[in-house]
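Please open the structure in a viewer and keep the selection tool at hand. The tour below proceeds stop by stop, naming what to select and what is found there.

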Amino acid sequence: MVGTPPSRVLYQEHVSFRLPAAVPSWFEKWPSFLDDNVTPSCALGKENEGSVCKWVWDSTESRWLANASEWLLAKPLTIVVIVVVAMLIRWVIYRTIRAITSVGNGDAEAATPDGKPKKKPRILRPFREKAESALLASGLMSERRAQRASTLGSVLRSVTSVIILVVAGSTILGLFDINLAPLVASAGIAGVALGFGAQSLVRDYLSGIFMILEDQYGVGDIVDLGEASGTVEGVGLRITTVRDVRGVVWYIRNGEILRVGNKSQGWAQVVIDVPMPFGTDLERAHEVLTEAASRLTEEEEFKDDLLAPPEVLGVDQMTATGLMLRVTVRTTTAAQWRVARELRARISTDLAAAEITSGIAPIPAPPA
């Protein structure tokens, strides 16, 4: 080459930008990314009309600038908008849940002894309450409702958070053209594995949810749960707390509760069996028992606690050692133990005054 310096000749002869015969498939498309004459994929199609990438491409006809605007401006802004909208929806739903689970935003009912009106949370309106009406005049009903509404609100908030997180996460992953099918399949397998590994935990939570929805028992109820019985002090999704008559606190997993005997719902039946030896004048004993029970209904202290007149049913059992006379009376659930103790004391006193022997005759010793 005439007029060309020797150094430039050597450079042009030994340096070549041609690709080798065998190149990776992804490298063949790389030069087109740098070619500003090729329209970027983010600016193609009607679905991209009005996009930032399309606008930058139409304005500058620069491929790299259009792609850069898509990845550095459009997608981050879209992610921020998705996150902000998700947080806003979550805040609105949380606020609504707090409003319907708050005791102060419910329906006004009977006033408390201090004159303040009691309210029932709105979330509990569709569900039937099985608590006795006597609790309405005490603070136990308010505490029971507050705990029940709080537990339901906790479940609703957890479900809401999971749903919003899944929807927002799926939408963000979709922006990067990530195939969600493998993720969904993996999540399903993980869920099945977790379900098998934590069966008892899942059973505890599901049992707790249905117990609360059905109002099987609540704070202040006296229940029999099998091995543990006493007054309910706390009801949670996983654990129920019961304190027995000796003051022992029992923590029972809800999934282990197979049956519940609630002594604080509706009304109670006081049953008193009076033992009598053979040879007792049953007519006279019947009169004494009837008179002792009838006087209880006339006193102001017990008149409101008795829901039906007492009944002397007569001889209920006959054994080798004597007879058993049964007395029953229907009372309110809160007064059943107090009425039973008072009725036993009066029956014992009246039988002693009538010189009627009460008790089981001792079994005679066998002859030597």
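**First stop: the nonpolar cores**

In this predicted model, the largest nonpolar core comprises 24 residues, and those with the most contacts inside it are Val274, Met276, Leu289, Val339, Leu343, Ile347 and Leu351. Next, select β8 (267-276), α9 (282-298), β10 (323-332) and α11 (336-353), each of which supplies at least two residues of this core. The largest share, six residues, comes from α9.

Now centre the view on Leu289. Leaving aside residues up to four places away in sequence, Leu289 touches Val274, Val312, Leu325, Val327, Ile347 and Leu351. A second, separate core holds 14 residues, among them Leu152, Met211, Tyr217 and Val232. In soluble globular proteins, nonpolar side chains tend to be buried together.

**Second stop: a hairpin**

Select residues 239-243, strand β5, together with residues 249-253, strand β6; the two run antiparallel and are joined by five bridges. Ile239 stands opposite Arg253 of β6. Five residues lie between the strands of this hairpin, and Gly247 in the turn has a positive phi of about 90°.

**Third stop: the second largest pocket**

Which residues line the second largest pocket? Select Ile222, Val223, Ser229, Gly230, Thr231, Arg243, Asp244, Val245, Lys263 and Trp337 to display the lining. The second largest pocket contains about 160 Å³ of space. Strands β3 (222-224) and β4 (229-235) each supply at least two residues of its lining, and β4 gives the most, with three. By character, the lining residues divide into four nonpolar, three polar and three charged.

Technical notes:
Residues are numbered from 1 along each chain as its sequence is written. This is a predicted model: local features need pLDDT of at least 70, side-chain atom pairs count only at pLDDT 80 or more; totals for chains, interfaces and linings use all residues. Side-chain values use heavy atoms; hydrogens and water are left out. Two strands pair if DSSP finds at least two bridges between them. Helices (H or I, at least four residues) and strands (E, at least two) are DSSP runs, numbered from the N terminus. A nonpolar core is a set of buried Ala, Val, Leu, Ile, Met, Phe, Trp, Tyr and Cys residues joined through side-chain atoms within 4.5 Å. Buried means under 20% relative accessible area, exposed over 50%, partly exposed in between (1.4 Å probe, protein chains only). Contact means heavy atoms within 4.5 Å. On a 1 Å grid over the protein atoms alone, a cavity is a set of points where a 1.4 Å probe fits but cannot get out, and a pocket is an open set with protein on both sides within 12 Å along at least five of seven lines; lining residues have an atom within 4 Å of a point. Grid points are joined across faces, edges and corners, and a volume is the space filled by probe spheres set on the points. Ala, Val, Leu, Ile, Met, Phe, Trp, Tyr, Cys and Pro count as nonpolar, Asp, Glu, Lys and Arg as charged, and the others, Gly among them, as polar.
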